[in-house]
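Visitor: I'm new here and would love a walk around. Could you take my questions as they come?

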Amino acid sequence: MKLLIALLLASVLGAATDTAPRPALLELALAAGHEAPEGAIWRFTLTADMGERGRFVARYDGARPEGERWMLVEPAEDAMSDDLRRSWQGLSGGARRGTQEQEGENAPRRGVRIGAGSGGLFQNGDTSRIISGDVRQLSETPDAAVFAFTPNLGNDDGDAGFSDQLAGEATVSRNGPYLRRLRVYARQSFKPNPAARVHSFEMVMEYAAQPGLPAPVLRRMRTEVDVSALFQRQRQLADFTFSDVEYTAP
């Protein structure tokens with residue numbers, strides 16, 4: 001079940017290829033992205049709402065040695081439920097550290113990595129490549145415009161038509177312009193393969209411009225999945241809020 005959820009998220013965040021021109025305002029907003037260069041340092045506070053599993057707050061400091069960059073603020077790890085502790089360790093790589101020490105520096109590292117090659121918290125090319133194909137304007141106000149699109153995930157091998165089951169909406173702030181909100185969701189319940197059913201899926205990413213930074217930064221990422229597989233049904237929520245964001249260019 002967890003593997004299925006991981007694959008769904010990997011599909012949405014995977015590489016994609018642009019296939020058609022996009023409206024000029026949207027193109028300008030996506031061009032406002034930035035790739036964090038080698039040696040860039042991030043600091044921020046993460047508030048993670050994991051639904052029924054619980055909630056935790058952590059601080060990330062990219063200036064610290066790798067393996068020590070995530071620091072739990074609250075609650076204490078021994079006060080967490082088993083499910084919440086696994087979520088925290090999966091994010092921070094804590095569950096891997098003992099094995100890392102035993103296997104040496106060449107052992108694979110796990111956890112979330114923020115830095116060069118990932119774009120950090122900046123809106124970047126990975127985000128913009130999702131918005132492709134049939135793009136049309138849904139609505140507009142004096143300060144924003146909303147565009148509908150069919151997400152181009154670029155990795156439907158083995159799950160033919162997966163992209164066709166999803167819809168997308170991009171909200172562009174005219175003040176910039178920049179991408180304010182990206183939403184990808186399942187149009188309806190569907191079966192990505194004979195052994196599983198996706199009852200609902202939604203991912204929302206919200207960005208905000210911050211003075212002194214070269215591009216908008218991710219302020220919230222919310223993913224909610226309801227799936228059935230092997231006669232089990234599971235609902236999972238991961239709602240991440242990023243605050244106190246600091247960025248130092250090399």
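## A first walk around

Guide: Let's start at Gly176, which sits in the loop between S6 and S7. Bear in mind as we go that this is a predicted model.

Visitor: Is Gly176 buried or exposed?
Guide: The cut-off for exposed is over 50% relative accessible area. Gly176 has 64%, so Gly176 counts as exposed.

Visitor: How many Å apart in space are Gly176 and Ala215?
Guide: In sequence, 39 residues separate Gly176 and Ala215. In space, C-alpha to C-alpha, the two are apart by 9.9 Å.

Visitor: Stepping back, how many strands does the protein have?
Guide: The chain has 250 residues, and 43% of them count as buried. Its secondary structure comes to 5 helices, and the strands number 11.

Visitor: What share of the exposed area do carbon and sulfur atoms supply?
Guide: The protein exposes about 12900 Å². Carbon and sulfur atoms supply a share of 49%.

Visitor: Among contacts between residues at least 6 apart in sequence, what percentage join residues at least 24 apart?
Guide: Start with the contacts in the protein between residues at least 6 apart in sequence. Those that join residues at least 24 apart make up 54%.

Visitor: What is the mean pLDDT of the protein?
Guide: Of its residues, 77% reach 70 or more. Averaged over the protein, the pLDDT is 82.

Visitor: Where does the pLDDT drop below 50?
Guide: One stretch under 50 is residues 1-8, with 20 contacts beyond four places in sequence in the model. Where pLDDT is low, the predicted coordinates should not be read in detail. Another stretch below 50, with 13 contacts beyond near neighbours in sequence, is residues 107-111.

Visitor: On to the strands. How many residues of S5 are buried?
Guide: Strand S5 covers residues 144-149 and is mostly covered. Ala144, Val146 and Ala148 point one way, Ala145, Phe147 and Phe149 point the other way, and all are buried. In a regular strand the side chains alternate between the two faces of the sheet. For S5, the buried count is 6 of 6.

Visitor: Which residue in S6 is the bridge partner of Val146?
Guide: On one side, strand S4 (residues 136-140) runs antiparallel to S5 with 4 bridges, and a hairpin of 3 residues joins S4 to S5. There, Ser139 stands opposite Val146. S5 also runs antiparallel to S6 (residues 166-173), with 6 bridges. In S6, the partner of Val146 is Thr171.

Visitor: Which backbone nitrogen does the side chain of Ser81 reach?
Guide: Ser81 lies in the loop between strand S3 (70-74) and helix H3 (82-92). With a relative accessible area of 35%, Ser81 is partly exposed. Its C-alpha is 7.2 Å from that of Arg53, 28 residues apart in sequence. At 3.2 Å, the side chain of Ser81 reaches the backbone nitrogen of Leu84.

Visitor: How many salt bridges are there?
Guide: The pairing needs a side-chain nitrogen of Lys or Arg within 4 Å of a carboxyl oxygen of Asp or Glu. Asp134 and Arg136 form one, with closest N and O atoms 3.9 Å apart. By this rule the count comes to 18.

Visitor: Are Asp134 and Arg136 exposed, partly exposed or buried; which is it?
Guide: Partly exposed lies between the 20% and 50% cut-offs. Asp134 has 47% relative accessibility and Arg136 has 45%. So Asp134 and Arg136 both count as partly exposed.

Visitor: How many residues apart are Glu206 and Arg181?
Guide: Glu206 forms a salt bridge with Arg181, with closest N and O atoms 4.0 Å apart. The pair links distant parts of the chain: Glu206 is in strand S9 (residues 196-208) and Arg181 in strand S7 (residues 178-186). Glu206 is partly exposed at 27%, as is Arg181 at 28%. Along the chain, the separation of Glu206 and Arg181 is 25 residues.

Visitor: Which residues share a salt-bridge network with Arg222?
Guide: Arg222 forms a salt bridge with Glu202, closest N and O atoms 3.7 Å apart. Here Arg222 is in strand S10 (residues 217-229) and Glu202 in strand S9, 20 residues apart. Salt bridges that share partners join Arg222 into one network with Glu169, Arg183, Glu202, Arg220, Glu224 and Asp239.

Notes:
Residues are numbered from 1 along each chain as its sequence is written. This is a predicted model: local features need pLDDT of at least 70, side-chain atom pairs count only at pLDDT 80 or more; totals for chains, interfaces and linings use all residues. Side-chain values use heavy atoms; hydrogens and water are left out. Buried means under 20% relative accessible area, exposed over 50%, partly exposed in between (1.4 Å probe, protein chains only). Helices (H or I, at least four residues) and strands (E, at least two) are DSSP runs, numbered from the N terminus. Two strands pair if DSSP finds at least two bridges between them. A polar contact is a pair of N or O atoms within 3.5 Å; within protein, one must be able to donate a hydrogen and the other to accept it, and residues adjacent in sequence count only if both atoms are side-chain atoms. Contact means heavy atoms within 4.5 Å. Accessible areas come from the Shrake-Rupley method with a 1.4 Å probe; for residues, only the protein chains shown count as cover. pLDDT is the predictor's confidence in each residue, from 0 to 100.
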